[in-house]
Amino acid sequence: MRNQEKIFVIGHKNPDTDSICSAIAYADIKNRTSQKVKYIPKRAGQINEETEYVLNRFGMQPPGYLSNIGTQIKDMDIRMSPEADKSMSLKNAWDLMMEKSIVSLPIRDREGQLEGLITIGDIAKTYMDTTDSYLLSRAKTQYRRIAETIAGTVVEGNEHGYFTKGKVLVGTANPEMLKAYIEPDDLIIMGDREEDHLQAIAQNVSCIIVGMGIEVSEKVIKLAHEREIAIIMSPYDTFTIARLINQSIPVRYIMKTDNLVTFSTEDFTDDIQNEMIKHRHRAFPVINKKGKCIGTISRRNFLDMHRKKVALVDHNEKDQAVDNIDKAEIVEIIDHHKLGSLETMVPISFRNQPVGCTATILYEMYGEQKLEISPSIAGLLCAAIISDTLMFRSPTCTLSDKMAAGALALIAGINIEQFAKEMFKAGSNLKDKSPEEIFYQDYKKFIAEDEINFGVGQISSMDSDELAEIKERLVPFMVSECGRHGVTRVFFMLTNIIEESTELLYYGEGSEDMARIAFHMEPEDGVFDLKGVVSRKKQLIPALMEAAQVGQNDYN
């Protein structure tokens, strides 16, 4: 029975409060309305202080971290391997592989850890090598395994003992002739003549095998007992016994133990394909997170891989999505941004509304589904709206956002203004953060006209002194960041929530001209002072995109 299907709900990289809270809320909606699929909220980056405060305030656990949505080995149909240990005989292994229709058999210890690997080819090679008369003793073959292989019974001696010295031979000559080629500790396959048995015992063989179901005499058994010689009785004829006996050696003797090529269930398929091509094995053992071998995969498994399914919230840009998004199956998008660059193989449900926050859309969906919103979920959604709209000061804010926030605040039992002050204070506490942490806390990458790549970060605070301090630390860092990840121009918004204004920092060739064209003003001391600009999505990005197009047209 297959495990319940999973769909991950995830926001954009460098997640903000809306991205995290909307993922949690949407998973809640879907899990309460769908029985066959399990929706799991995830995050594509580290949680910032503001979001951490919100989650703690409402007693919610942060979503698990998912840095890469690409297909992993655990998304394949792993061929589960039957139990097999190194003491089993080659015949046991062969029969097991034939029964399960497998070509490679992982050998595991009692804890399930991989000890070796044996293949059909390994067994066939050993079977074809019929010239080595000392194979059984060198392999330290147990008498019980020899008896099993030839469908026999140990009628005398310790069946748990081992044949460790001597050769295997067939004793068909008369007793005088046997003296010439039987040596102590040999294993001899014999007929029904008592005198031959007695001669073998006299020469101190290790084991006597008697075929055709023949019972040996009491005298022979007594003498064999005295000299600790094993006697095995088999129903097969001498030829069949001789043909099968090499298959009684333990698997440990021929299994591969060195330089085994194994894969982890957590490995990404993109990373293992070259290894598979390089080694060309029929199958490769798979190890789970606990270090146990659970089965094997082969190149054929790539034909039936199960791509991870994902529902995206608060974004629809490929550059903002979790890594390897093109290797996943996007099943749904809930967003409030402009249409981006993501493509899907088939039509999907895409809900995009011109509101200030994804959480507002989710509030409407709870109503549409006639689902009661818990106080904790209501708190998360209200916090997301307050954060994304800068407490309704952003031009992206709509009447729908305000109404949703008001209703959610009543359910959560919070005062919006008081809660907003506490949340923004927690989010702007950046004194102990490095410039890199501040820069990438809320950072997004965009592609403008003629493939101009630029990045925009933003910090919002109610404290002008704190923003001034951040500015001093960020300016030199932006110099070092420009040029990384294909970004040629970087901008950073220092947004003062109370004054409803932004100081725009910039760096990179063409960045100053781009901002000058966008806002029809000159910078002062390396900064554009943008009064009334607080929204990256609605006020800054559209202006920069248009400026990039104008600049390119002027150049042409």
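**Close-up views of a predicted model**

**View 1. Helix α18 and its buried residues.** In helix α18, which spans residues 511-519, the buried residues are S511, M514, A515, A518 and F519. Looking down the axis of α18, you will find these buried residues within an arc of 105°, so they line one face of the helix. Just after α18 comes H520, which takes a positive phi of about 50°. Please keep in mind, here and in the views below, that this is a predicted model.

**View 2. Helices α12 and α14 packed together.** Two packed helices are described by the angle between their axes and the distance between the axes. Here helix α12 (residues 358-368) packs against helix α14 (residues 399-412) at an angle of about 65°, and their axes are 9 Å apart. The crossing of α12 and α14 is left-handed. On the α12 side, the contact is made by T360, Y363 and E364; α14 brings S400, D401, A404, A407 and L408. By character, the residues of this contact divide into 4 nonpolar, 2 polar and 2 charged.

**View 3. R351 in strand β19.** R351 lies in strand β19, made up of residues 349-352. Which residues is R351 in contact with, leaving aside its neighbours within four places in sequence? They are I333, I334, D335, I361, E364, M365 and E368. One of these, E364, also takes part in the contact of α12 with α14 shown in View 2. For a sense of scale, R351 and S101 are 48 Å apart in space, C-alpha to C-alpha, and 250 residues apart in sequence.

**View 4. S81 in a loop.** S81 sits in the loop between β4 (79-80) and α3 (90-100). Is S81 buried or exposed? With a relative accessible area of 12%, S81 is buried, because buried means under 20%. Setting aside its neighbours within four places in sequence, S81 is in contact with P106, R108, I294, G295 and T296.

**View 5. Cysteines C21 and C382.** How many disulfides does the structure hold? The count is 0. C21 is in no disulfide, and its nearest cysteine sulfur, that of C357, is 8.5 Å away. C382 is likewise in no disulfide; the nearest cysteine sulfur to C382 is that of C357, at 9.8 Å. Because a disulfide needs a pair of cysteine sulfur atoms within 2.5 Å, neither the 8.5 Å of C21 nor the 9.8 Å of C382 qualifies. C21 is buried, with a relative accessible area of 0%, and C382 is buried too, with a value of 0%.

Methods: Residues are numbered from 1 along each chain as its sequence is written. This is a predicted model: local features need pLDDT of at least 70, side-chain atom pairs count only at pLDDT 80 or more; totals for chains, interfaces and linings use all residues. Side-chain values use heavy atoms; hydrogens and water are left out. Buried means under 20% relative accessible area, exposed over 50%, partly exposed in between (1.4 Å probe, protein chains only). Axes are lines fitted to C-alpha atoms, for helices over the stretch in contact, and angles run from 0 to 180 degrees between N-to-C directions. Helices (H or I, at least four residues) and strands (E, at least two) are DSSP runs, numbered from the N terminus. A crossing is left-handed if the near helix is turned anticlockwise from the far one by less than a right angle, and right-handed if clockwise. Contact means heavy atoms within 4.5 Å. Ala, Val, Leu, Ile, Met, Phe, Trp, Tyr, Cys and Pro count as nonpolar, Asp, Glu, Lys and Arg as charged, and the others, Gly among them, as polar. The arc is that of the directions from the helix axis to the C-beta atoms.
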